[in-house]
Amino acid sequence: MPDPDRRGTLHEAGRPAHRCRVEHDAATLLVHLSDEDGDGWTTLAVDRATRRWAVAQAPTQLAAAAAAVRSLRAEDAATPGG
């Protein structure tokens with residue numbers, strides 16, 4: 001179900017703590033999934049140009065996103081020409 005108070009956020013019917021959120025900018029797509037009980041997050045970061053991806057888990061959405069993006073950028077830096 002769409003969450004009318006949070007743009008780009010869905011939650012399971014009857015379980016508002018079980019959420020999925022999508023955000024993006026010109027370079028990166030982020031998909032945030034809350035843990036089943038709502039405590040903790042898994043974030044998938046996708047580089048829009050190359051479609052490379054990285055996943056991270058952390059107690060907060062921000063920490064999971066930051067770790068996924070760091071991992072994605074580290075992979076990009078390790079790739080010749082990246």
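A nonpolar core is a set of buried Ala, Val, Leu, Ile, Met, Phe, Trp, Tyr and Cys residues joined through side-chain atoms within 4.5 Å. The views below come from a predicted model.

**View 1. The largest nonpolar core holds 7 residues.** Its members are Leu30, Ala45, Ala54, Ala56, Ala65, Ala68 and Leu72. E5 and H1 are the elements that give two or more residues to this core. H1 supplies the largest share, 3 residues.

**View 2. Ala65, a member of the largest nonpolar core, and its contacts.** Ala65 touches Leu30, His32 and Thr43, leaving out residues up to four places away in sequence. Leu30 also belongs to the largest nonpolar core.

**View 3. Ala64 lies in helix H1, residues 61-78.** Ala64 counts as buried because its relative accessibility is 0%, and the cut-off is under 20%. Beyond neighbours within four places in sequence, Ala64 is in contact with Trp41, Thr43, Ala56, Gln57 and Ala58. Of these partners, Ala56 is part of the largest nonpolar core.

**View 4. Ala64 and Leu44, paired by C-alpha distance.** The two residues are 20 apart in sequence. Their C-alpha atoms are 8.7 Å apart in space.

**View 5. Model confidence across the elements.** Strand E5 (residues 53-58) has the highest mean pLDDT among the elements, 97. Strand E1 (residues 9-12) has the lowest, 64. Where pLDDT is low, predicted coordinates should not be read in detail. For the protein, the mean pLDDT is 84, and 76% of residues reach 70 or more.

Note on methods:
Residues are numbered from 1 along each chain as its sequence is written. This is a predicted model: local features need pLDDT of at least 70, side-chain atom pairs count only at pLDDT 80 or more; totals for chains, interfaces and linings use all residues. Side-chain values use heavy atoms; hydrogens and water are left out. Helices (H or I, at least four residues) and strands (E, at least two) are DSSP runs, numbered from the N terminus. Buried means under 20% relative accessible area, exposed over 50%, partly exposed in between (1.4 Å probe, protein chains only). Contact means heavy atoms within 4.5 Å. pLDDT is the predictor's confidence in each residue, from 0 to 100.
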